[in-house]
Amino acid sequence: MPTTPATADQISPEILSNGVQSSGVPESIMLELVDEDGTTIGTAEKLAAHQAPGQLHRAFSVFLFDESGRLLLQRRALGKYHSPGVWSNTCCGHPYPGEAPFAAAARRTFEELGVSPTLMAEAGTVRYNHPDPASGLVEQEFNHLFVGLVQAEPRPDPEEIADTAFVTAAELAERHAAAPFSAWFMTVLDAARPAIRELTGDSGGW
């Protein structure tokens, strides 16, 4: 099972995690466009790929658990242009063109949460089309799923994350009924459940 060696040394000093160069100049972020089989067919600028009706692109979603089997959630920062202020899975994002999804998942988890996952493993893929009514943007994604453990205290980047929480399966159900979550959350969670159960055991309730 692969582990993640991502460290701060691997993060470019020129471009910050929010897509802004260290000079303060906005940086255009490119995504990989894919076909229905997940084969790369081109690239597109990030915002353009999410504008309706959306262009199918590669993405990843990470689910990290503590040693008690609780899932680490994040609430997206209010300043994000897409789905601000909603709860979602531990980390999600997009590989750079040519970047392996596993490497991108490890990189972005460190950038957003200040932690490097352990025992992170692939958990399959899922393809979905989820419009976001609030922003008018569309998630047309071929999403690579990963599950793993977190063994350090998260140090979230406030530009990316407003809050974090560790929840049991029962606590997640209560929170999901009471608070807004990302449009894609339940789709990626359900797709990752078999791998989550393998990681956390039957007693976790996942």
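These are my notebook entries on a predicted model of one protein chain.

**Entry 1: the chain as a whole**

I began with the secondary structure and found 4 helices and 9 strands. Going along the sequence, I wrote down the order as β-β-α-β-β-β-β-α-β-β-β-α-α. The chain has 206 residues, and 49% of them count as buried. I then looked up the accessible surface, which comes to about 9600 Å². Carbon and sulfur atoms account for 53% of that surface. For contacts between residues at least 6 apart in sequence, I noted that 66% join residues at least 24 apart.

**Entry 2: the hairpin of E1 and E2**

I looked next at strand E1, residues 30–34. Of its 5 residues, 4 are buried, so the strand is largely enclosed by the rest of the structure. E1 runs antiparallel to strand E2, residues 40–45, and 5 bridges join the two. One pairing I checked was that of Met-30, whose bridge partner in E2 is Glu-45. The two strands form a hairpin with 5 residues between them. In the turn I found Gly-38 with a positive phi of about 85°.

**Entry 3: the nonpolar cores**

Which residues touch the most other members of the largest nonpolar core? I noted Phe-63, Leu-71, Leu-73, Leu-172 and Ile-196, out of 25 residues in that core. Several elements each supply at least two residues to this core, and I listed strands E3 (57–65), E4 (71–76), E7 (118–131), E8 (138–149) and E9 (161–167), along with helices H3 (169–178) and H4 (185–200). H4 gives the most, with 6 residues.

I followed up on Leu-172. Setting aside neighbours within four places in sequence, I found Leu-172 in contact with Leu-71, Leu-73, Val-167, Phe-181, Phe-185, Leu-189 and Trp-206. Apart from the largest core lies another, of 15 residues, including Leu-72, Leu-113, Met-120 and Val-150.

**Entry 4: empty space**

Rolling a probe the size of a water molecule over the atoms shows where empty space is left. How many cavities of 30 Å³ or more does the whole structure have? I found 1. The largest cavity holds about 40 Å³ of space. I wrote down its lining as Gln-74, Arg-76, Lys-80, Ser-88, Cys-92, Glu-112, Glu-160 and Ile-161.

**Entry 5: backbone exceptions**

Most residues other than glycine have a negative phi, and most peptide bonds are trans. I went looking for departures from this.

The peptide bond from Ala-52 to Pro-53 is cis, with omega near 5°. Pro-53 sits in the loop between helix H1 (46–50) and E3.

Ser-83 is not a glycine, yet I found a positive phi of about 50° there. Ser-83 belongs to the loop between E4 and strand E5 (87–88). Is Ser-83 buried or exposed? Its relative accessible area is 5%, and under 20% counts as buried, so Ser-83 is buried.

Leu-119 also has a positive phi, near 50°, in a residue other than glycine. Leu-119 is in strand E7. At 39% relative accessibility, I recorded Leu-119 as partly exposed.

**Entry 6: Thr-118**

Thr-118 is found in strand E7 as well. Its relative accessible area is 25%, so I entered Thr-118 as partly exposed. I also checked the C-alpha atoms of Thr-118 and Gln-151, which are separated by 7.5 Å. Along the chain these two residues are 33 residues apart.

Notes. Residues are numbered from 1 along each chain as its sequence is written. This is a predicted model: local features need pLDDT of at least 70, side-chain atom pairs count only at pLDDT 80 or more; totals for chains, interfaces and linings use all residues. Side-chain values use heavy atoms; hydrogens and water are left out. A nonpolar core is a set of buried Ala, Val, Leu, Ile, Met, Phe, Trp, Tyr and Cys residues joined through side-chain atoms within 4.5 Å. Buried means under 20% relative accessible area, exposed over 50%, partly exposed in between (1.4 Å probe, protein chains only). Contact means heavy atoms within 4.5 Å. Accessible areas come from the Shrake-Rupley method with a 1.4 Å probe; for residues, only the protein chains shown count as cover. Two strands pair if DSSP finds at least two bridges between them. On a 1 Å grid over the protein atoms alone, a cavity is a set of points where a 1.4 Å probe fits but cannot get out, and a pocket is an open set with protein on both sides within 12 Å along at least five of seven lines; lining residues have an atom within 4 Å of a point. Grid points are joined across faces, edges and corners, and a volume is the space filled by probe spheres set on the points.
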